[in-house]
Amino acid sequence: MIEIVLLNYLKEVLSVDVFMEIPPNPPETYVRIEKTGSGEEEHINMATFALQSYADSMYEAALLNREVIEKMKNMITLDEIFKVKLNSDYNFTDPSTKKYRYQCIFDITY
């Protein structure tokens, strides 16, 4: 499952905790993975992921977002991955929790 490959990879290379769901008592700084879509063409699988970087300030969230982007570029070194492409990234502060976050969207071919 590509979700598990991505989760294990990010847990290994990032400086913060990584989750697929927001835990009941999350740390101050962490990354959340959310699969937003997938498809297949000629037996080649593709998936789109939103990677949300949470932090106590917008600046820290932006820095963590940059770290995520840089580490995601290196995901291409995994045997299971054929292509990793940054789709977009932007401020995505959560108005319901008042928690600062940035979000980057990646397309992964595997």
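## Helices on the sheet

Helix H1 lies across strands S1, S2, S3 and S5, and it runs at about 40° to S3. Helix H2 also packs on the sheet. H2 touches S2, S3, S4 and S5, and its direction makes about 15° with that of S5. The model described here is predicted.

## Sheet layout

The sheet is open and has five strands. Their order is S1-S2-S3-S5-S4, and the pairing is mixed. S1 and S4 (83–91) are the edge strands, each pairing on one side only. From one strand to the next, the twist averages 25°.

At the S1 edge, S1 and S2 pair in the parallel sense, over three bridges. Val-18 stands opposite Val-31 in S2. In general, strands of a sheet pair through backbone hydrogen bonds, either parallel or antiparallel.

## Nonpolar core

The largest nonpolar core holds 23 residues. Within this core, Leu-6, Leu-10, Leu-51 and Met-72 touch the most other members. Two or more residues come from each of H1 (2–13), S2 (30–41), S3 (44–55), H2 (58–73) and S5 (100–109). H1 gives the most, with six residues. In soluble globular proteins, nonpolar side chains tend to be buried together.

What does Leu-10 touch, leaving aside residues up to four places away in sequence? The contacts of Leu-10 are Val-18, Ile-33, Leu-51 and Met-72. Two of these partners, Leu-51 and Met-72, are named with Leu-10 among the core residues that touch the most other members. Another partner, Val-18, is the residue opposite Val-31.

## Aromatic cluster

Across the whole structure, a search finds three aromatic pairs. One of them joins Phe-19 and Tyr-30 edge-to-face, at 5.7 Å centre to centre with 70° between the planes. This pair links distant parts of the chain: Phe-19 sits in S1 (residues 17–19) and Tyr-30 in S2, eleven residues apart. Phe-19 has a relative accessible area of 21%, so it counts as partly exposed. For Tyr-30 the value is 2%, so Tyr-30 counts as buried.

Tyr-30 also pairs with Tyr-54, and here the rings are stacked. Their centres are 4.6 Å apart, with 10° between the planes. Again the link is between distant parts of the chain: Tyr-30 is in S2 and Tyr-54 in S3, 24 residues apart. Both tyrosines, Tyr-30 and Tyr-54, are buried. Ring pairs thus link Phe-19, Tyr-30 and Tyr-54 into a cluster.

Note on methods: Residues are numbered from 1 along each chain as its sequence is written. This is a predicted model: local features need pLDDT of at least 70, side-chain atom pairs count only at pLDDT 80 or more; totals for chains, interfaces and linings use all residues. Side-chain values use heavy atoms; hydrogens and water are left out. A nonpolar core is a set of buried Ala, Val, Leu, Ile, Met, Phe, Trp, Tyr and Cys residues joined through side-chain atoms within 4.5 Å. Buried means under 20% relative accessible area, exposed over 50%, partly exposed in between (1.4 Å probe, protein chains only). Helices (H or I, at least four residues) and strands (E, at least two) are DSSP runs, numbered from the N terminus. Contact means heavy atoms within 4.5 Å. Rings of Phe, Tyr and Trp (its six-membered ring) pair if their centres lie within 6.5 Å; planes under 30 degrees apart count as stacked, over 60 as edge-to-face and the rest as tilted. Two strands pair if DSSP finds at least two bridges between them. Axes are lines fitted to C-alpha atoms, for helices over the stretch in contact, and angles run from 0 to 180 degrees between N-to-C directions.
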